[in-house]
Amino acid sequence: MKLELEHFCDLTVELEAPMELGNSMRGTRRIIPIIGGHVEGKSLNGRVLALGADWQTVFENGVAELDTRYCIETHDGALIDIRNFGFRHGPKDILDALARGEHVDPSKYYMRTQPRFETGDERYSWLNHRIFVGSGQREKSTVYVSVYEVL
C-alpha cells in the first residue's frame, strides 16, 4: 500500500543559547531551551510555550540526535504536548557553519524528525493516534519544521 503525505503545519521554534553538558559515553550532550514560537496550519494554529528543550546528542561522526519536548497552546486554548525526535547531519563544513549560527541552505544538510502529538482536549484528540514526519531547518536562534501527516 502506498503512503501519502499531506502538509499539516509549520512550526517556528525559538531557542535560547545551548547549554553544553560536555562529552558523555554516547557523544557530546547539550540542552537547548525552547523559549517560544508559533504553529501555523490548516488544522492547528497557536503558539509554542516557553517550557521545553532539545536534549541533543552529537556523535563523533557529526550526526546530531534531536530529542525535543515542548508544549503548544492552540488559538482556542487547548494544550498539546509535542515530542519531536530526529537527526541532523551533513558535510563537516556545513555543520560547522550551522554551529556558528550562519544561514545555510537547508538542502545542504539532512534534518528530519518524527513529531508525536498528545493531548487530553477532545477537540484535538485525533492527534493522539496519527503519524507525522517533519523536515527541518536550523537558524541561529530558530528552528523551522514543516510537519506532514502520513495518510
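This short talk goes through the nonpolar core, the aromatic rings around phenylalanine 8, strand β9 and one loop residue, asparagine 61. Please keep in mind throughout that what we are looking at is a predicted model.

Let me begin with the core. The largest nonpolar core has 32 residues, and those with the most contacts inside it are Phe8, Leu11, Leu44, Ile72, Phe117 and Val147. Two or more residues each are given to this core by β1 (5–15), β3 (28–41), β6, β7 (79–89), α1 (92–99), β8 (110–118) and β10 (142–150), and the largest share, five residues, comes from β1. If we take leucine 11 and set aside residues up to four places away in sequence, the residues it touches include His38, Tyr70, Ile72, Ile82, Val145 and Val147.

Now to the aromatic rings. Ring pairs link Phe8, Phe117, Trp126 and Phe132 into a cluster, and I will take two of these pairs in turn. The rings of phenylalanine 8 and tryptophan 126 have their centres 5.8 Å apart, and because their planes stand at 85 degrees, the pair is edge-to-face. Phenylalanine 8 lies in strand β1 and tryptophan 126 in the loop between β8 and β9, so that this pair links parts of the chain that are 118 residues apart. Phenylalanine 8 counts as buried, at 5% relative accessibility, whereas tryptophan 126, at 22%, counts as partly exposed, the limit for buried being under 20%. The second pair joins phenylalanine 8 to phenylalanine 132, with centres 4.9 Å apart and planes at 45 degrees, so this one is tilted. Here the partner sits in strand β9, 124 residues away from phenylalanine 8 in strand β1, and phenylalanine 132 is buried at 2% relative accessibility.

That brings us to strand β9 itself, residues 132–138, which is mostly covered, with five of its seven residues buried. On one side, β9 pairs with β8 in the antiparallel sense over two bridges, and serine 135 is the bridge partner of arginine 112. The charged end of arginine 112 also sits over the ring of tyrosine 110, 5.0 Å from its centre. With β10, strand β9 pairs in the antiparallel sense over seven bridges, glutamine 137 being matched with tyrosine 144, and a hairpin of three residues joins the two strands.

Finally, asparagine 61 is found in the loop between β5 (52–58) and β6 (64–74). Is this residue buried or exposed? With a relative accessible area of 62%, asparagine 61 is exposed, and its side chain reaches the backbone nitrogen of valine 63 at 3.1 Å.

Terms used:
Residues numbered from 1 in each chain as written. Predicted model: local features only at pLDDT ≥ 70, side-chain atom pairs only at ≥ 80, totals over all residues. Heavy atoms only, no water. Helix = DSSP H or I, 4+ residues; strand = E, 2+ residues; numbered from the N terminus. Buried < 20%, exposed > 50% of the residue type's maximum accessible area, 1.4 Å probe, protein only. Polar contact = N/O pair within 3.5 Å; in protein donor to acceptor, adjacent residues only side chain to side chain. Core = buried A, V, L, I, M, F, W, Y, C linked by side-chain atoms within 4.5 Å. Contact = heavy atoms within 4.5 Å. Pairing = 2+ DSSP bridges. Phe/Tyr/Trp six-rings, centres within 6.5 Å; stacked < 30°, edge-to-face > 60°. Lys NZ or Arg CZ within 6 Å of the ring centre and 35° of its normal.
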